[in-house]
Amino acid sequence: MNGKRPPDPNPDRMGKKRKKEVMVEFSDAVTEEVLKKQVAEAWSCRTPFSHEAIIMDMDPFPHCVIPNFIPSQNFLEGLQKELLSLDFHEKYNDLYKFQQSDDLKKRKEPHICALRKILFEDFRAWLSDISKIDLESTIDMSCAKYEFSAAPCLRRDMQLCIQLADALLCHDDELEGRRIAFILYLVPPWDRSLGGTLDLYNVDEHFQPKQIVKSLIPSWNTLVFFEVSPVSFHQVSEVLSEEKSRLSISGWFHGPSLTRPPTYFEPPIPRSPHIPRDHEILYEWINPTYLDMDYQIQIQEEFEQQSEILLKEFLKPEKFAAVCEALEKGGVKWNSRGPPNKRFYEKAEESTLPNILQDCMTLFRSEALFLLLSNFTGLKLHFLAPSEEEETEGTKEGEAATAPESTEEGTSYSSSEPEDNLAAASNNSQQSNEQAGPEPEDNEAKEESSVPTCQGELRRWQTGHYTLIHDNSKTEFALDLLLYCGCEAANSESRKQFFGIGLQR
């Protein structure tokens with residue numbers, strides 16, 4: 001005997017015990033050679049294809065559904081357990097709200113590792129073969145959880161507590177190198193009434209999204225993938241279930257980038273000069289408190305400090321009641337405003353407005369209100385107003401200041417109703433990527449640019465309506481004026497809604 005200890009044939013016994021490796025495969029039916037050729041041909045010819053193991057459609061853009069993607073129920077339950085044990089972080093901006101895990105690229109949990117391996121090795125090779133795209137080994141993968149558990153969100157410009165259900169609004173997924181997006185659903189029994197559908201949009205001649213033409217309902221162990229392109233607009237609709245969580249793993253396969261079409265710029269919204277109405281219209285409509293000069297000075301001081309202000313009970317009670325009554329009675333024709341990657345709400349067709357609503361719109365477009373807003377804000381909204389360099393003490397009622405207008409929009413994502421009648425004004429600043437146009441070089445141009453104008457509309461907001469901040473609008477400094485009219489539908493089963501008159505000067 002040499003006294004040496006023989007090597008341990010099971011080194012895993014030594015030190016920290018290693019996690020047991022988990023093996024998994026995706027559906028054999030998908031990889032069956034004949035079916036694979038049929039799927040590849042359908043993708044190449046851009047024709048629909050249906051089989052019990054895989055369903056492919058080209059409308060509105062190439063997408064595919066694979067039910068029963070992973071045959072092992074035990075594996076799926078282990079995967080779900082690992083995912084739910086991860087730390088989730090709330091993701092929130094004007095486009096989306098949901099909870100997301102950290103990047104799954106380097107997670108060591110055995111089921112997550114096994115899924116990552118089959119997705120970005122075996123399944124990636126299969127996808128490359130059927131799509132003829134040279135997909136890279138780049139791993140882009142995370143877990144998302146959508147729920148109806150949002151905390152109240154207080155927007156100062158609305159003074160509302162708005163409940164935001166988790167959702168992901170209309171977008172195309174395009175980013176350098178992304179070629180195919182995928183989602184694997186791990187949801188409990190689900191139906192359309194629970195929300196959380198994957199909604200697909202068609203596009204117009206400018207490659208802008210138009211409307212939802214197809215909705216895919218999440219289903220346990222179903223994999224959906226689609227081609228990422230300039231027309232692949234989609235959204236995750238609001239999750240409406242208060243008991244069930246929409247859990248999924250999603251990511252992208254990368255490859256050579258596609259050529260994008262030229263960026264489309266929307267035509268500017270027409271702007272109108274003020275309507276020549278004198279101060280009598282103010283006495284008719286507006287709470288007398290706001291016509292007091294001393295109070296106007298206080299309002300201006302607060303506005304100059306905060307760049308926004310809330311004026312409660314702005315209209316006289318009887319006028320506000322008449323406006324709400326007219327809105328509740330119906331009879332107004334509403335048109336949806338899009339495109340959905342920028343906004344989605346309803347705009348009133350003004351020719352259908354009853355007299356009281358037409359009169360209210362006239363008030364907000366009147367010269368008298370331009371002058372009153374000048375006193376509220378210190379902005380030059382009228383040619384008679386002093387410039388910033390001029391002495392402002394002793395300013396008479398009716399003097400004001402001008403500001404060019406803006407077409408940029410902030411987010412308004414509504415699912416509940418305001419309790420107060422509010423008029424809110426805010427002084428918008430430019431987005432970081434955008435530049436204002438050059439200053440006029442001669443006096444004539446300067447005089448023309450000082451002519452006050454505005455744009456405005458009567459809007460109806462319901463659950464799921466929104467506007468988004470976007471990069472393509474040429475934003476200038478502007479004053480936003482918003483009047484909120486909370487009106488609950490007569491039918492108690494109807495969803496709550498509210499109406500807003502919005503103008504930009």
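Colleague: In this predicted model, does Ser232 count as buried or exposed?
Modeller: The loop between strand 13 (222–227) and strand 14 (234–236) is where Ser232 is found. Since buried means under 20% relative accessible area, and the relative accessibility of Ser232 is 0%, Ser232 counts as buried.

Colleague: Which backbone oxygen lies 2.9 Å from a polar atom of the side chain of Ser232?
Modeller: Leaving out residues up to four places away in sequence, Ser232 touches Phe61, His171, Asp172, Phe226 and Glu227. The backbone oxygen at 2.9 Å from a polar atom of the Ser232 side chain belongs to Ser229.

Colleague: Which helix gives the most residues to the largest nonpolar core?
Modeller: The largest nonpolar core has 47 residues, and those with the most contacts inside it include Leu115, Phe123 and Trp126. With 10 residues, the element that gives the most to this core is helix 4 (residues 110–131).

Colleague: How many residues are in the other core, which has Ile281 and Cys360 among its members?
Modeller: This other core lies apart from the largest nonpolar core. Leu369 and Leu381 are also among its residues, and its size is 38 residues.

Colleague: With which side chain does the side chain of Arg459 make a polar contact of 2.7 Å?
Modeller: Arg459 lies in strand 21 (residues 453–462), and because its relative accessibility is 18%, Arg459 counts as buried. A polar contact of 3.4 Å joins the side chains of Arg459 and Tyr345, whereas the polar contact of 2.7 Å is with the side chain of Glu457.

Key: Residues numbered from 1 in each chain as written. Predicted model: local features only at pLDDT ≥ 70, side-chain atom pairs only at ≥ 80, totals over all residues. Heavy atoms only, no water. Core = buried A, V, L, I, M, F, W, Y, C linked by side-chain atoms within 4.5 Å. Buried < 20%, exposed > 50% of the residue type's maximum accessible area, 1.4 Å probe, protein only. Helix = DSSP H or I, 4+ residues; strand = E, 2+ residues; numbered from the N terminus. Polar contact = N/O pair within 3.5 Å; in protein donor to acceptor, adjacent residues only side chain to side chain. Contact = heavy atoms within 4.5 Å.
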